[in-house]
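The following paragraphs explain how one sheet is arranged and then turn to two backbone positions. Please keep the sequence and the model in view while reading.

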Amino acid sequence: GQRVCGFWHGKNGKGKAAIPARRLDAEFFKGLTGPVTVGLPYRAVCQPVTPEVQLENGSSRSRECRIHRIVPNLHQSRGGKFGEKPDGPLDPLDVGSAGYLFSGEVERQFDGGFNEQGNFCIVSDEPYPFTIRSVALKLNYTGDVR
């Protein structure tokens, strides 16, 4: 009763939609050569804790911050999205392409608002490899320690 996704030569096998496992028959694999990866779709969410740094006049804790740019360092990845909250609007990272996986840093503009949490998340919800090695943020703090 599960629905699965197939991944073949950098493409989401036989269309974007998940397919019933019972349809994984000779017809599904017809014309496909090389390795085919088939598995259950999943949604991975990376939502780090509030960034905290030591500033000249105290800690950044309890100050408002605004993230301007996000710079994830990825390894052998494709796809990915980012935003303030996993259930909010997400922008595509647009890394990797058909048949090719991306390794390295990618810098994207982040239009987060001023808040004390410094919320951001990175989401992978496609059947492609996605590995985050680290994330650098370009941000500003404002206000005094409360």
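Strands (E, at least two residues) are DSSP runs numbered from the N terminus, and two strands pair if DSSP finds at least two bridges between them. The model is a predicted one, in which local features need pLDDT of at least 70 and side-chain atom pairs count only at pLDDT 80 or more, while totals for chains, interfaces and linings use all residues. Residues are numbered from 1 along each chain as its sequence is written, and side-chain values use heavy atoms, with hydrogens and water left out.

An open sheet is formed by four strands in the order E5-E13-E9-E10, with antiparallel pairing. Its edge strands are E5 (44-46) and E10, each of which pairs on one side only. From one strand to the next, the twist averages 25 degrees; axes here are lines fitted to C-alpha atoms, and angles run from 0 to 180 degrees between N-to-C directions.

Strand E5 pairs with strand E13 (residues 121-124) in the antiparallel sense over three bridges. Cys-46 has Ile-122 in E13 as its bridge partner.

The edge strand E10 (residues 91-95) also contains Asp-94. What is the sign of phi at Asp-94? Asp-94 has a positive phi of about 55 degrees, although it is not a glycine. Most residues other than glycine have a negative phi. Asp-94 is exposed (over 50% relative accessible area, 1.4 Å probe, protein chains only), with a value of 59%.

Gln-76, in strand E8 (residues 64-77), likewise has a positive phi, near 45 degrees, and is not a glycine. Gln-76 is partly exposed (between 20% and 50%), with a relative accessible area of 37%.
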